[in-house]
Amino acid sequence: MKNDSYLQSRRSFIQGTVGATTVVALAGLGMRAANADSHAPKLKLDDPRAKALAYTEQSEKDGQWCMNCQLYTGKDGDSYGPCAIFPGVEVAAKGWCSSWVKKAG
Ligand code: SF4
């Protein structure tokens, strides 16, 4: 038969393990939520890549905006989002550049 201190020690170990696992799991969820909300920096108008493609944050082309460009992957309703040809930065949903391609569908 096991003594009381052994059982007490075993119970503490299990409680500690469950607690630590919970903390790690919650930390992971928090990091995932933070990443989902994080955005890359905005493409600057004086960026050489932007200048090369005449990028603007406010399209002056009738019916052509980044938000309806095939290369834009931003979410509906967001002001800025990723573009396949400008990795690491986000472009304005209402922007435009000379690589604009009508979104399929
Ligand atoms: Fe906007 Fe040009 Fe990117 Fe299309 S390719 S999303 S128009 S920056």
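A residue is called partly exposed when its relative accessible area falls between the limits for buried, under 20%, and exposed, over 50%. Ala54 has a relative accessible area of 43% and is therefore partly exposed. The structure discussed here is a predicted model, and the same limits apply to the other residues described below.

Ala54 lies in the loop between H2 and strand S1, which spans residues 80-82. Its backbone has a distinctive feature: phi is near 55 degrees, a positive value in a residue other than glycine.

Helix H2 itself covers residues 48-52 and contains Arg49. With a relative accessible area of 34%, Arg49 is partly exposed, because this value is neither under 20% nor over 50%. When residues up to four places away in sequence are not counted, Arg49 touches Leu43, Phe86, Pro87 and Val89. A further relation links Arg49 to Ile85: the two are 36 residues apart in sequence, and their C-alpha atoms are 9.2 Å apart in space.

On the other side of H2 in sequence, the loop between helix H1 (4-37) and H2 holds Ala40. Ala40 has a relative accessible area of 31%, so it too is partly exposed. Its C-alpha atom is separated by 5.9 Å from that of Glu90, although the two positions lie 50 residues apart along the chain as a sequence separation. Apart from neighbours within four places in sequence, Ala40 is in contact with Gly88, Val89 and Glu90. Val89 is thus a contact of Ala40 and also of Arg49.

The description now turns to the interior. The largest nonpolar core has 16 residues, and those with the most contacts inside it are Leu43, Tyr55, Cys66, Tyr72, Phe86 and Val91. In soluble globular proteins, nonpolar side chains tend to be buried together. Two of these core residues, Leu43 and Phe86, are touched by Arg49. Cys66 touches Tyr55, Tyr72 and Val91, and in addition Ala92, Ala93, Gly95 and Trp96, not counting residues up to four places away in sequence.

The ligand sits in the largest cavity. Around the ligand are Tyr55, Cys66, Cys69, Leu71, Tyr72, Cys83, Ile85, Phe86, Val91, Trp96, Cys97 and Trp100. By class, this shell has twelve nonpolar, no polar and no charged residues. Tyr55, Cys66, Tyr72, Phe86 and Val91 appear both around the ligand and among the residues with the most contacts inside the core. Ile85, whose C-alpha distance to Arg49 was given above, is likewise one of the residues around the ligand.

Definitions and conventions. Residues numbered from 1 in each chain as written. Predicted model: local features only at pLDDT ≥ 70, side-chain atom pairs only at ≥ 80, totals over all residues. Heavy atoms only, no water. Helix = DSSP H or I, 4+ residues; strand = E, 2+ residues; numbered from the N terminus. Buried < 20%, exposed > 50% of the residue type's maximum accessible area, 1.4 Å probe, protein only. Contact = heavy atoms within 4.5 Å. Near = heavy atom within 4 Å. 1 Å grid on protein atoms, 1.4 Å probe; cavity = no way out; pocket = protein on both sides within 12 Å on 5 of 7 lines; lining within 4 Å. Sits in = over half its atoms within 2 Å of the grid points. Nonpolar A, V, L, I, M, F, W, Y, C, P; charged D, E, K, R; others polar. Core = buried A, V, L, I, M, F, W, Y, C linked by side-chain atoms within 4.5 Å.
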